[in-house]
Amino acid sequence: MSTIARLYEALGSDAVLTAPEDLSVYAYDAYSQERLPLAVVLPRDARDVADVVRIAYECGEPIVPRGAGTGLCGGAVPVEGGIVISFARMNRVLALDARNRRARVQPGVINLELSKAAAPFGLFFGPDPSSQKISTLGGNTGTNAGGPHALSYGSMTNHVLGVEYVRTDGSLSYAALDGAGYDLTGVLVGSEGTLGVITAIDVRLLRLPRSTRVCVAAFGDVEAASAAVSAIVGAGLLPTALEIMDKLIVSAVEAHYHAGYPTDAGAVLLVEIAGYPDDAESGERTIAQIARECGALSWRAAAGAAEREALWASRKGAAGSLGRIAPNYYIQDATVPRTRLPQALQRVDEIARAHKLPVGNVFHAGDGNLHPLLIFDRRERAQVDAVASAGKAILEACIALGGTISGEHGIGYEKRETLPLVFSPDDLAAMARLRDVFDPKRLFNPEKIFPSGAVCGEVRNPAQTQSQRQTLAAGGAWL
Ligand SMILES: Cc1cc2nc3c(=O)[nH]c(=O)nc-3n(C[C@H](O)[C@H](O)[C@H](O)COP(=O)(O)OP(=O)(O)OC[C@H]3O[C@@H](n4cnc5c(N)ncnc54)[C@H](O)[C@@H]3O)c2cc1C
């Protein structure tokens, strides 16, 4: 029986898509790569997922888990074809234990929906990627997503208490943070679908703060705004968010949202301070003072909840607002130590100029997590090449400043060839061996995270013979 016939038999025809027009919707994510899968399945529960994995593994078909497809590195693209598992139907909050501040969710639950479900209990979910209105908790777990509040609350790995996942033989396993032994939860968070297919996630919930203040400081340029961020954190203060947008981004955002950001400033710093009312108020006074000492041209606090929400909505919608001024943009994700932000931004500017590309910066400044947005037109081949070259140069510049190649978006397909810039062959080989323990046939989301072909020749098991290496490299298989 064919793979597709077996899938129909196991899940029923309404849960298996094979028509080209249906498959095309699942061929891409928010990165530029595309490839049609053999089939897309829409499981209703963990048992369905287990059946799909067992069938796919027995038939030798790649298995690509997919949340909302907002990943920016091609992580959900079926680059080797195979079976895409969409979690669109597994979108329920299974349990919400307000007393113990935890919830169990299916992977297809949209990030923001969990906070909405928790709000009546005075709780919320901490990680808030800017894509939170659409991205799923399965995808967030797969990528170890962060967001503007990662500065104070941390990223997914700090909030996932346990995961239920399907192994290659179709069996269900559970890894819990508070279990004894190895921290397999930590291994699975951020594994981008390469170690197992997650079918349920236990997460921590946080208490909603009593008081929240959202303020905007205007600066002459991004370097001055970044220096203020270093000074604020260096003074021992920990606002819940410290975000920067430069002039180009503010103009795009204001044209769309009209939230009241100053469009004449070279850069704006968005500061959120949360806690008990007195603490938030005195925190704001101290932070405003530091900002002024670092050259802030103005400081304004949002008057109430509506204004706070408008400022956040514009910040989180910044990338989308660029549609007003650019046919295409490429968003880079890299980190540097916070104190090196001014130098990193200068280098980004130099690189963009050298490649004749306009660049906007909107980023999680408190975490030293840069997101330069390179503006281009994908119909122009030279511009596409310039973006690829500038993107790599930015990564190299960040590494030279003591940073790394991803702050939160993951590695996926896009950045796998840059992994050797930050890991030694021995480190890569150790990671590859770990993957092989979970997935000896390498069918879980193949061609992701790890470098391909020749590069991997350097990483492979030293015990392999030269002829084995050549065969593998020639076949395009890695390791
Ligand atoms: C406008 C915009 C803003 C963004 N802002 C942020 C931000 O602030 N912070 C941030 O971190 N990211 C951000 N992102 C990137 C993206 O939203 C995140 O990477 C998000 O976590 C992806 O979620 P998703 O549901 O779309 O997952 P997908 O893109 O569908 O998948 C992402 C990865 O997770 C794997 N995966 C999905 N579900 C499962 C599962 N059940 N089991 C195992 N693996 C699984 C996939 O195979 C893939 O490797 C942004 C993206 C956009 C377009």
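**Exercise 1. A salt bridge within one helix**

Task: In this predicted model, how far apart are N and O in the salt bridge of E350 and R347, and which helix holds both residues?

Solution.
- Start with the contact. The side chains of E350 and R347 meet in a salt bridge at 2.7 Å, N to O.
- Place the residues. E350 and R347 both belong to helix α13, residues 341–354.
- Check the spacing. E350 and R347 are three residues apart, about one turn of the helix.
- Classify E350. Its relative accessibility is 40%, so E350 counts as partly exposed.
- Classify R347. Its relative accessibility is 35%, so R347 counts as partly exposed.

**Exercise 2. The neighbours of α13**

Task: At what angle does α13 cross α14, and at what angle does α8 cross α13?

Solution.
- Take α14 (residues 381–400). The axes of α13 and α14 come within 10 Å and cross at roughly 155°.
- Assign the direction. Angles over 145 degrees count as roughly antiparallel. Therefore α13 is roughly antiparallel to α14.
- Add the handedness. The crossing of α13 past α14 is right-handed.
- Turn to α8 (residues 222–234). The axes of α8 and α13 come within 8 Å and cross at roughly 155°.
- Assign the direction again. α8 and α13 are therefore roughly antiparallel to each other.
- Add the handedness. α8 passes α13 in a right-handed crossing.

**Exercise 3. Salt bridges between separate elements**

Task: How many salt bridges are counted, and which parts of the chain do D14–R89 and R104–D202 link?

Solution.
- Give the total. The count comes to 20 salt bridges.
- Examine D14 and R89. Their side chains meet in a salt bridge of 4.0 Å, N to O.
- Locate both ends. D14 lies in the loop between α1 (3–11) and β1 (16–17), and R89 lies in the loop between β4 (83–86) and β5 (93–97), so the pair ties together parts 75 residues apart in sequence.
- Classify both ends. D14 is partly exposed at 46% relative accessibility. R89 is partly exposed too, with a relative accessible area of 33%.
- Examine R104 and D202. The closest N and O atoms of this salt bridge are 2.9 Å apart.
- Locate both ends. R104 is in strand β6 (residues 102–105) and D202 is in strand β10 (residues 197–204), 98 residues apart.
- Classify both ends. R104 is partly exposed, with a relative accessible area of 26%. D202 is buried, with a relative accessible area of 6%.

**Exercise 4. Aromatic pairs**

Task: How many aromatic pairs are counted, and why is the pair of Y165 and F438 tilted?

Solution.
- Give the total. The count comes to three aromatic pairs.
- Take F124 and Y153. Their ring centres lie 5.4 Å apart, with 65° between the planes. The pair is edge-to-face.
- Map the link. F124 sits in strand β7 (residues 123–124) and Y153 in helix α6 (residues 150–153), 29 residues apart.
- Check burial. F124 has 12% relative accessibility, so F124 counts as buried.
- Take Y165 and F438. Their ring centres are 6.5 Å apart and their planes stand at 50°, so this pair is tilted.
- Map the link. Y165 is in strand β8 (residues 160–166) and F438 is in helix α15 (residues 425–438), so the pair ties together parts 273 residues apart in sequence.
- Check burial. Both Y165 and F438 are buried.

**Exercise 5. A charge over a ring**

Task: Over the face of which residue does K316 lie?

Solution.
- Name the ring. K316 lies over the face of W312.
- Give the distance. K316 is at 5.6 Å from the ring centre.

**Exercise 6. Two glycines and sequence separation**

Task: How far apart in space are G154 and D385, and how far apart are G196 and R435?

Solution.
- Locate G154. It is found in the loop between α6 and β8.
- Classify G154. It is buried, with a relative accessible area of 13%.
- Read its distance. G154 and D385 are 231 residues apart in sequence and 35 Å apart in space, C-alpha to C-alpha.
- Locate G196. It is found in the loop between α7 (184–188) and β10.
- Classify G196. It is buried, with a relative accessible area of 4%.
- Read its distance. G196 and R435 are 239 residues apart in sequence and 9.7 Å apart in space, C-alpha to C-alpha.

Key
Residues numbered from 1 in each chain as written. Predicted model: local features only at pLDDT ≥ 70, side-chain atom pairs only at ≥ 80, totals over all residues. Heavy atoms only, no water. Phe/Tyr/Trp six-rings, centres within 6.5 Å; stacked < 30°, edge-to-face > 60°. Helix = DSSP H or I, 4+ residues; strand = E, 2+ residues; numbered from the N terminus. Buried < 20%, exposed > 50% of the residue type's maximum accessible area, 1.4 Å probe, protein only. Lys NZ or Arg CZ within 6 Å of the ring centre and 35° of its normal. Axes fitted to C-alpha atoms, helices over the stretch in contact; angles between N-to-C directions. Parallel < 35°, antiparallel > 145°, perpendicular 65-115°, else oblique. Left-handed = near helix turned anticlockwise from the far one by under 90°.
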